[in-house]
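Trainee: I should like to learn how to read a structure such as this one. May we go through it step by step?

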Amino acid sequence: MRTKTTKQNKINVVTLGCSKNVYDSEVLMGQLKANGKNVVHEDENDDGNIVVINTCGFIGKAKEESVDTILHYAQKKERGEVDKVFVSGCLSERYKPDLEAEIKNVDQYFGTHDLPELLKVLEADYKHELIGERLTTTPKHYAYLKIAEGCDRPCSFCAIPLMRGKHKSTPIEDLVTEAKKLAEKGIKEIMLIAQDLTYYGLDLYKKRALADLLKELVKVEGIEWIRLHYAFPSGFPMDVLDVMKEEPKVCNYLDIPLQHINTEILKSMKRGTTHEKTTALIHKFREYVPNMAIRTTLIVGYPGETEEQFQEMKDWVEEMRFERLGAFEYSHEENTGAYALEDDVPADVKFRRVNEIMEVQSQISWELNQEKIGKTFRCLFDRKDGEYYYGRTEFDSPDVDNDVIVDAREHYIKLGEFIDIEIYDAGDFDLYGTPLVKQERPVPMNQRNK
């Protein structure tokens with residue numbers, strides 16, 4: 001006679017999309033762990049019997065990836081390889097009725113604000129007291145810190161307000177608590193993220209309070225780098241630059257998506273700025289903090305974008321010489337302001353324009369990198385891949401920016417540590433360096449006490 005056994009469920013959380021989704025998955029996993037659940041993130045063996053897919057619904061390619069992932073796990077469920085599949089996040093928030101009609105082999109769909117409900121079906125209770133308790137999925141020395149949810153901006157091309165709702169700042173004291181808990185886990189770098197950092201605090205404090213937040217976060221012991229992502233150009237609080245200059249913990253780095261430079265297109269995009277105002281803002285940044293690295297993103301192929309307007313943007317990129325830049329093809333998104341316009345720039349033209357912008361940026365990046373040869377930079381090392389270590393300067397964010405590469409055959413570097421690196425060579429996007437101080441390799445366990 002067989003004895004009935006009870007096997008604990010294993011919940012595999014799969015994250016798609018941006019760093020804000022990574023953060024949301026970490027909060028979900030922290031709640032599940034606090035409830036005693038066996039939870040993993042993107043298990044390499046894919047053996048969780050319950051799958052939660054945190055989706056992205058921002059643009060066409062991201063939606064396609066999300067749908068493909070849902071179908072993949074729905075089919076695994078059909079074959080009996082997983083027991084349950086749940087879908088959460090932006091795609092689910094935006095297209096829930098369509099998804100329920102088209103992909104029926106999913107147990108339940110949840111939106112971006114449905115964490116308590118998702119936990120309930122996973123037989124877990126939402127614990128309000130768990131401020132800052134996350135199961136981080138990034139390397140052990142850095143983490144994202146989401147300081148606000150949603151967005152009040154009316155940008156015509158953007159579907160984020162449809163998925164994330166109105167802007168809602170997290171109180172400063174809660175963020176300081178969270179930063180302290182991250183520091184206790186060994187986190188040394190935090191990246192502040194939101195749909196719009198610039199707007200932070202207006203809803204809570206009736207003023208832009210990003211500078212006030214930074215002044216409190218720099219007091220957290222153990223945190224050595226604080227990095228700013230996703231600021232908005234219109235209404236940028238210049239007192240943030242004062243903190244950046246005065247506080248060594250705040251990296252001389254700003255991620256500020258500008259999207260375009262032609263005034264007519266900026267007006268259609270509802271960005272609240274012009275070519276002249278945007279250029280003046282960048283000049284102010286560099287005047288206040290001369291060694292700041294500015295990262296931006298641009299959209300090509302917006303409805304009605306002429307060759308002349310594109311050329312204006314291309315010339316402007318050459319003039320501004322951004323340290324970091326990404327270019328993306330416009331994606332025609334339902335229920336956005338620009339959806340009423342004709343998506344009239346052909347796909348092949350969008351593709352060509354992206355490549356032209358990135359060719360210009362590659363040359364700029366190469367020239368700026370050549371200026372770093374012979375100089376020494378404090379670097380934080382993230383990983384070892386094959387025969388090389390990969391680290392970053394304060395001017396580089398993980399996954400999107402340049403790497404500092406050190407030969408692991410000649411040098412040993414402890415990951416997650418700050419090390420002074422002298423740069424001896426540079427390419428378009430990467431720097432090659434040598435540690436100034438030699439680190440001793442640890443002695444293998446089987447060779448100790450011999």
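Mentor: Two strands pair if DSSP finds at least two bridges between them; strands (E, at least two residues) and helices (H or I, at least four) are DSSP runs, numbered from the N terminus. The model is predicted, so local features need pLDDT of at least 70 and side-chain atom pairs 80 or more, while totals for chains, interfaces and linings use all residues. Residues are numbered from 1 along each chain as its sequence is written, and side-chain values use heavy atoms, without hydrogens and water.

Trainee: How many bridges join strand β17 to strand β18?

Mentor: Strand β17 covers residues 418-426 and strand β18 residues 430-435. The two run antiparallel, and one partnership links glutamate 422 to threonine 434 in β18. The number of bridges joining β17 to β18 is five.

Trainee: In which order do the strands of the closed barrel run?

Mentor: The barrel has five strands with mixed pairing. Its neighbouring strands are turned by 55 degrees against each other on average, direction ignored; the axes are lines fitted to C-alpha atoms, and angles run from 0 to 180 degrees between N-to-C directions. The order is β14-β15-β16-β18-β17.

Trainee: Why are the buried residues of α8 on the same side?

Mentor: Buried means under 20% relative accessible area, exposed over 50%, partly exposed in between (1.4 Å probe, protein chains only). In helix α8 (residues 210-217), the buried residues are Leu210, Ala211, Leu213, Leu214 and Leu217. They lie on the same side of α8 because the directions from the helix axis to their C-beta atoms cover an arc of only 160 degrees.
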